[in-house]
Amino acid sequence: GVSDLERRRREVLKAAQTAMRTLFGDEASLVKASSVDGRFIFVLDGVLTIPSLRNLFECLQNDAFQRVEFARPDTKQFRHHVVNYPLAEIVTSNLFERVARLVDLFFPEPKLQAYR
């Protein structure tokens, strides 16, 4: 038969699927949930609106990314690309609102905060 752990995993996935549909509509689905090296990975579909996706694509294609930042002092030679957006603009966007709801659903503590 099915182990208790597998039964519990299925229950949690079903509850997450129901919560996603409540938050984002019937098109939203949890496609896969897994973990790698102790970190969760969730694959979702139908959560972002088409206008949000188009806007995100345009930003990634057209914004002025600069290769000026690094993750830690010991990796200073490995700079990555960044672009700065006005914080007030980001936190009021449909994309941020949906991402914040997803983070709250899957990781209720600590609360997601945008700081830059």
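**Two pockets and a nonpolar core**

Helix H2 contributes 5 residues to the lining of the largest pocket, the largest share from any element. The model under discussion is a predicted one. The space in this largest pocket amounts to about 720 Å³. Its lining consists of 22 residues, and those closest to the centre of the pocket are Leu 56, Tyr 85, Ile 90, Ser 93 and Leu 95. Four elements each provide at least two lining residues: helix H2 (50-62), strand E4 (80-82), helix H3 (87-91) and helix H4. What is the chemical character of the lining of the largest pocket? By class, 13 of its residues are nonpolar, 7 are polar and 2 are charged.

Attention may now turn to the second largest pocket, whose volume is about 300 Å³. Here 13 residues form the lining, and Val 12, Leu 13, Ala 16, Phe 42 and Phe 106 are the closest to the centre. Two or more lining residues come from each of helix H1 (4-24), strand E1 (29-36), strand E2 (39-45) and helix H4. Which element supplies the largest share of the lining of the second largest pocket? That element is H1, with 6 residues. The lining of this pocket divides into 11 nonpolar residues, 1 polar residue and 1 charged residue. Helix H4 thus appears in the account of both pockets, as it gives at least two residues to the lining of the largest and two or more to that of the second largest.

The next topic is the interior. In soluble globular proteins, nonpolar side chains tend to be buried together. In this model, the largest nonpolar core comprises 8 residues, namely Ala 16, Met 20, Phe 24, Ala 28, Leu 30, Val 47, Leu 102 and Phe 106. Helices H1 and H4 are the elements that give two or more residues to this core, and H1 gives the most, with 3 residues. Ala 16 and Phe 106 belong to this core and are also among the residues closest to the centre of the second largest pocket.

Met 20, a member of the core, shows which residues meet there. Apart from its neighbours within four places in sequence, Met 20 is in contact with Gly 25, Ala 28, Ser 29, Leu 30, Leu 44, Val 47, Leu 105 and Phe 106.

Val 47, another core residue, leads finally to Val 99. Val 99 lies in helix H4, which spans residues 94-106. Its C-alpha atom is separated by 8.9 Å from that of Val 47, although the two residues are 52 residues apart along the chain. Is Val 99 buried or partly exposed? Val 99 counts as partly exposed because its relative accessibility is 34%, a value between the limits of 20% and 50%.

How values were computed:
Residues are numbered from 1 along each chain as its sequence is written. This is a predicted model: local features need pLDDT of at least 70, side-chain atom pairs count only at pLDDT 80 or more; totals for chains, interfaces and linings use all residues. Side-chain values use heavy atoms; hydrogens and water are left out. Buried means under 20% relative accessible area, exposed over 50%, partly exposed in between (1.4 Å probe, protein chains only). On a 1 Å grid over the protein atoms alone, a cavity is a set of points where a 1.4 Å probe fits but cannot get out, and a pocket is an open set with protein on both sides within 12 Å along at least five of seven lines; lining residues have an atom within 4 Å of a point. Grid points are joined across faces, edges and corners, and a volume is the space filled by probe spheres set on the points. Ala, Val, Leu, Ile, Met, Phe, Trp, Tyr, Cys and Pro count as nonpolar, Asp, Glu, Lys and Arg as charged, and the others, Gly among them, as polar. A nonpolar core is a set of buried Ala, Val, Leu, Ile, Met, Phe, Trp, Tyr and Cys residues joined through side-chain atoms within 4.5 Å. Contact means heavy atoms within 4.5 Å.
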